[in-house]
Amino acid sequence: MADQSAWQKRNEAYLAKVFALQRLRLTRFAQTKAGANPSAQPEDTVNVAELTTEIEALESESPPPALVVLSRLFNLSRFERDLLLLCAGMELDTNVASMCAQAQGDSHRPFPTFALALALFDEPAWDVLSPERPLRRWRLIEINQPGHLPLTVSPLRADERIVNYIKGLNYLDDRLAPMLFPLNAGALQATLPASQKEAVDLIVRQLRRERTNWFLPIIQLAGSDVQSKQLVATHATAALGLRLLRLPAALMPSNAPELETLARLIEREMALWPFAIYVDQQDLDKSNFKEAHSQSLQRLLARSNGMFFLDTQDVNPDLNALGRGMLTLDISRPTPPEQQLAWREVLGQDAGDTPMKLTSQFDLNISSIHEIVEGCSDGSPLNAERVWVACLAMTRPRLDV
C-alpha cells in the first residue's frame with residue numbers, strides 16, 4: 001500500500017509537469033500565430049529545458065507513470081502520446097479548453113483537433129488519423145465529427161476510461177461491467193486432484209509458450225461438470241498471475257458494430273487490467289436465440305485477441321475455422337480415489353472410513369466437497385452424520401430431476 005501511495009504521488013507530480021509543459025507550448029503557439037513574439041508570461045517562469053529534464057527523470061522511475069505504461073502497452077509514438085495528453089488535458093487541466101481556443105484563433109473551438117496537434121507537436125504524422133493506428137483502433141480518443149466538418153478540425157476527447165488510467169485509477173471499463181463478472185469457483189486453496197492438476201499444468205505450459213503470439217489459443221473445456229471446469233480455469237489463471245472474469249454468452253450483442261466495439265474493449269481491458277475470460281455457455285441451451293448467440297461468440301473470438309476459456313458440453317468443431325490455435329481438454333469430476341483423498345483432506349486424519357463411505361454413495365467434485373464441509377463447520381469437530389445429510393441435500397435435487 002505504501003508503494004502504491006508513493007507511486008500515486010509520483011504520477012501526480014509527473015502529470016503536473018507534463019501539463020505545465022503543454023500549457024507553455026499552447027501559449028507560445030498562440031502568441032506566434034497572433035504575430036507576436038513569444039514573451040515571458042507568469043506561467044513561463046519554468047525553464048523548458050529544466051522542465052523536460054524533470055519529466056524524463058520521472059519517466060525513468062520504476063514503475064513509470066501511467067501515461068508511459070499506456071504508451072508502451074499500445075505502442076504509441078511520441079506524437080500520439082502528446083496528442084492523447086492534449087485530449088486528456090481537457091478533463092484534467094481546467095486551462096486547456098480556453099488555451100486550445102486561443103491557439104486556434106477561434107473562441108468557438110475550445111477543444112483539441114488533429115490540425116492543432118499537427119501544428120503544435122514535434123514529429124507530426126498524418127497516419128495517426130488512420131483507424132488502424134492505436135489512438136483510434138483502441139478507442140483511446142473519441143471524435144465528434146458532424147457531417148459538415150472535416151476530420152482534421154473535428155473535436156477530440158480522450159476516452160473516460162483512459163483518462164482515469166492516466167490519473168492512476170485502474171478499474172474495469174463501465175461498458176464491460178454489465179457483462180463481465182468475477183468468477184468464484186470456490187475451493188481455490190484446495191489441493192487439486194491429479195487428473196485436474198495435469199490439465200492445469202498443460203494449460204499453463206501452452207499459454208506461456210504461446211504468449212508472444214498475436215493470437216493466443218482458445219482453451220476449450222469440455223464436459224458436464226461445470227464446477228470442475230471453473231476450478232481448472234481458476235487455478236490456471238492464478239498460476240499465470242491473472243484475474244478470471246465470467247462472460248455469459250447469452251449477454252453478448254448480435255449487432256455487428258456493437259460486437260466489434262465489445263471485442264475491441266475487451267482486448268484493450270486485457271492489456272490495462274490483465275485478466276482472462278471464462279465464456280459461460282450454460283444459458284445458451286435454454287435460449288431461443290442459441291444459434292445467433294453462438295455466431296456472436298465465434299465473431300468475438302475471431303476479432304479479439306486475449307486469453308479465453310470456453311465452457312462447453314461437447315467439443316465445438318466450428319471453432320477450428322477461427323484461425324486461432326485451440327487446446328481442447330475433457331474435464332471430469334475427480335475419480336473415486338481422488339474424491340476419497342479430498343474428503344480426508346477436509347475431514348482430517350481422524351475421519352476413519354467416512355471418506356470411503358461418502359465416496360461410495362456420492363459422486364462430487366472438489367468445490368462441492370469443500371462447500372459441504374464449510375456449511376457443516378461451526379467450530380466443533382465435524383459430525384459424520386451432518387456431513388452425510390448435507391451430501392444428501394446437495395445431490396437429491398439432481399436425483400429428482
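This passage describes a predicted model, moving from its sheet to its nonpolar cores and then to individual buried residues.

The strands β3, β5, β6, β7, β4 and β8, taken in that order, form an open sheet of 6 strands in which the pairing is mixed. The edges of this sheet are formed by β3 and by β8, which spans residues 326–330, and each of these two strands pairs on one side only. Two helices pack on the sheet. Helix α9, made of residues 194–210, touches β4 (218–222), β7 (308–312) and β8, and the direction of α9 makes an angle of about 175° with that of β8. Helix α10, made of residues 226–239, touches β4, β5, β6 and β7, and its direction makes about 170° with that of β7.

Both senses of pairing can be followed at β5. In general, the strands of a sheet pair through backbone hydrogen bonds, and they do so in either a parallel or an antiparallel manner. On one side, β3 (residues 181–182) runs antiparallel to β5 (residues 243–248), and the two are joined by 2 bridges. Within this pairing, F181 stands opposite R246 of β5, while P182 stands opposite L245 of the same strand. β5 also pairs with β6 (residues 275–280), here in the parallel sense and over 6 bridges, and R243 of β5 has F275 in β6 as its bridge partner. Between these two parallel strands comes helix α11, residues 256–272, so that β5, α11 and β6 together make a β-α-β unit, which is right-handed.The nonpolar residues of the model gather in separate cores, the largest of which holds 47 residues. In general, nonpolar side chains of soluble globular proteins tend to be buried together. Of the members of the largest core, Y14, L70, L84, L140 and I166 touch the most other members. The elements that contribute two or more residues to this core are the helices α1 (2–33), α2 (48–59), α3 (66–73), α4 (78–92), α5, α6 and α8, together with strand β2 (156–158). Among these elements, α1 gives the most, with 8 residues. The surroundings of Y14 can be listed in detail: leaving aside neighbours within four places in sequence, Y14 is in contact with I55, L58, E59, P65, L67, V68 and R81. A second core, separate from the first, has 42 residues and includes A233, V346, I372 and V373.

Helix α8 is mostly covered, with 6 of its 8 residues buried, and these buried residues are R161, I162, V163, N164, Y165 and I166. At the start of α8, a side-chain oxygen of D159 reaches to within 3.0 Å of the backbone nitrogen of R161. After the helix comes G168, which has a positive phi, near 105°. Within α8 itself, I166 counts as buried because its relative accessibility is 0%, whereas the cut-off for burial is under 20%. When neighbours within four places in sequence are left aside, the contacts of I166 are N11, L15, A66, L67, L70, L84 and A88. The C-alpha atoms of I166 and C87 are 12 Å apart in space, although 79 residues separate I166 and C87 in sequence.

Two polar residues in loops are also buried. The first to be considered, D173, is found in the loop between α8 (160–167) and β3, and D173 counts as buried because its relative accessible area is 2%, which falls under 20%. A polar atom of the D173 side chain lies 2.8 Å from the backbone nitrogen of R175, and a polar contact of 2.9 Å joins the side chains of D173 and R268. With residues up to four places away in sequence not counted, D173 touches D159, R161, L265, R268 and E269. R268 therefore appears both in the polar contact of D173 and in its list of touching residues, for which heavy atoms within 4.5 Å are required.

The other residue, T113, is found in the loop between α5 (96–103) and α6 (114–120), and T113 is buried, with a relative accessibility of 0%. The side chain of T113 makes a polar contact of 3.2 Å with the side chain of Q104, and a polar atom of the T113 side chain lies 3.0 Å from the backbone nitrogen of L116. Apart from residues up to four places away in sequence, T113 touches L83, Q104, T152, V153, S154 and L156.

Key. Residues numbered from 1 in each chain as written. Predicted model: local features only at pLDDT ≥ 70, side-chain atom pairs only at ≥ 80, totals over all residues. Heavy atoms only, no water. Pairing = 2+ DSSP bridges. Helix = DSSP H or I, 4+ residues; strand = E, 2+ residues; numbered from the N terminus. Axes fitted to C-alpha atoms, helices over the stretch in contact; angles between N-to-C directions. Buried < 20%, exposed > 50% of the residue type's maximum accessible area, 1.4 Å probe, protein only. Polar contact = N/O pair within 3.5 Å; in protein donor to acceptor, adjacent residues only side chain to side chain. Core = buried A, V, L, I, M, F, W, Y, C linked by side-chain atoms within 4.5 Å.
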